[in-house]
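Trainee: I would like to take a close look at one helix and at how it sits against the rest of the protein. Could you take me through it with care?

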Amino acid sequence: MRKRLCILFLVLGVFFSLPASADPTVILNCKQVESDVPALIQDDTVLVPLGAVIKPLGAQIGWSQASQTIFVKMGMNVIILYPGRSDVLVNGYYLDLTAPVQVVNGRTMVPLQFFTLALGADSDWDKDKQVVVINAAVSASPDLKSAARVHFIDVGLGDAIYIQLPDKIDILIDGGNLDAEGTVLSYLKEKNVNDLELVIATNDDAHHIGALPAVLEKYEVKKLIYNETAASRELDNLLKTAQTKNIPMETFNYQTWSWGDATLKILNGPVAEGIYEAGSIISRLEVGDIDFLFMSDAGAKGENALKGDIETRFIKVGDHASAAATSYEFINRVKPKVAIITTIGDNPVWYEHDPNTPPDPEVMDRLKQQGCKILRTDLDGDIVVVTDGQTYQIKVSAE
């Protein structure tokens, strides 16, 4: 509310102080932007001076003489702009703007839509008042001492998500296939894990829980949450190991846990429709203002069953980006900025339950249209998000 009032007062002040013929005014995060080249209107399109807006946000901007392109680096975003063209390259994916990028008096001018699509900013144009309002996050590095870390471990075929919170709170969501035992155990050892506060087995499929019995054997686990929607040899093995180790167990049913500034919620409960369509455990991690949605293998029915506001910054894409999940309607509800896909890439043998080879091209297109930064374990290796609840960094092992 305070921010909205600040913007309102600035807009009103600008409106009443400027003559009708004045150039459009740009307000960035409650402050008026000063630029030697002002914003301008061309064919009903608002063009804004790029550098004057993004430099205060902590971005770096430069010019490549060889390729005749403008490049921007801001936090996790790498953006390439082409003067005279209306498409920009954002983290390897092309996005279309309403008008071409222009150079005016030595300054790069971009359509207002650029800040929404490329940076995820809130932007608005008040034609009557001739005022542009942009609200955007400042690029920064998280405080690593108090940061939370979410690790998407590259286990080849399957999921293994390790959540590392302050005060030595360690959580594991799935553990990959049986042949991932060594990978997962080595990863946890490298991170100095002594015990696990919580282990979640999202479904009974081997590529999610095959290696979890080895984890339960190695570490003290304070609680196991499991999915009994369907039965399998792997699930039987997991539950028998938990019983032998006297690990407390619960089936999933909308549980919530809180540790400091972090909250983990299970967003669904047992259903009768079956594991791939609706039964996988869906969970959400909130660390301050940064949130993660872990979709496991949930398909369209599981997506549709989610209630309330599920908008999130990071999404672990459901069913490894197969055609069974990640509908247009779901993506429009979630509005993710970063999509993480756990996959082994082109391997048609993997998905016997679906004829398409994940990642499905249509799913990838939907994510690109949303403006997502897309990360994949088959291409990027281990993916780690570090956040202090306000800012975040992304690290990949393939760099």
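What follows is a request about one helix and a connected reply.

Trainee: Which residues of α7 are buried, which are exposed on the other side, and what covers the buried residues?

Mentor: Let me begin with the setting, bearing in mind that this is a predicted model. The protein has 399 residues, of which 53% count as buried, and its secondary structure comes to twelve helices and 30 strands. Its accessible surface is about 18,300 Å², with 47% of that belonging to carbon and sulfur atoms. Among contacts between residues at least 6 apart in sequence, 56% join residues at least 24 apart.

Turning to the helix itself, α7 runs over residues 233-244, and its twelve residues reach 16 Å from the first C-alpha to the last, which is close to the 16 Å expected at 1.5 Å a residue. Its buried residues are Leu235, Leu238, Leu239, Thr241 and Ala242. These buried residues cover an arc of only 160° around the axis, and therefore they lie on the same side of α7. The general reason for such a pattern is that an α-helix has 3.6 residues a turn, so residues three or four places apart point the same way. On the other side of α7, Arg233, Lys240, Gln243 and Thr244 are exposed.

The cover over the buried residues of α7 includes strands β18 (198-201), β20 (224-226) and β21 (249-251), together with helices α5 (206-209) and α6 (212-218). Just after α7 comes Asn246, which takes a positive phi of about 60°.

Helix α4 makes a useful companion to this picture. In α4, which spans residues 181-190, the buried residues are Val184, Tyr187 and Leu188. Seen down the axis of α4, these residues fall within an arc of 95°, so they line one face of the helix. Lys189 and Glu190 are exposed on the other side of α4. What covers the buried residues of α4 includes helix α6 as well as strands β14 (148-152), β15 (161-165), β16 (169-173) and β29 (383-387); α6 is also listed among the elements that cover the buried residues of α7. After α4 comes Asn192, whose phi is positive and near 60°.

The interior can be followed further from β15, the strand of residues 161-165 that helps to cover α4. The largest nonpolar core has 33 residues, and those with the most contacts inside it are Ile163, Ile171, Leu285, Phe294, Phe314 and Ile394. A second, separate core has 32 residues, including Val26, Ala52, Leu57 and Ala121. Leaving aside its neighbours within four places in sequence, Ile163 is in contact with Arg149, Val150, Ile169, Asp170, Ile171, Ile173, Leu285 and Phe294.

Two residues elsewhere fall between buried and exposed. Ala305, in helix α9 (residues 300-305), counts as partly exposed because its relative accessibility is 48%, and its C-alpha lies 9.4 Å from that of Leu267, although the two are 38 residues apart in sequence. Tyr94, in strand β9 (residues 93-96), is partly exposed, with a relative accessible area of 48%. Beyond its neighbours within four places in sequence, Tyr94 is in contact with Tyr82, Arg85, Asp87, Val88 and Leu89, while Gly371, 277 residues away in sequence, is 9.1 Å away in space from C-alpha to C-alpha.

To come back to your request, the buried residues of α7 lie on the same side of the helix, and Arg233, Lys240, Gln243 and Thr244 are exposed on the other.

Technical notes: Residues numbered from 1 in each chain as written. Predicted model: local features only at pLDDT ≥ 70, side-chain atom pairs only at ≥ 80, totals over all residues. Heavy atoms only, no water. Helix = DSSP H or I, 4+ residues; strand = E, 2+ residues; numbered from the N terminus. Buried < 20%, exposed > 50% of the residue type's maximum accessible area, 1.4 Å probe, protein only. Contact = heavy atoms within 4.5 Å. Expected span 1.5 Å × (residues − 1). Arc of directions from axis to C-beta. Core = buried A, V, L, I, M, F, W, Y, C linked by side-chain atoms within 4.5 Å. Areas by Shrake-Rupley, 256 points an atom, 1.4 Å probe, with all protein chains shown as cover.
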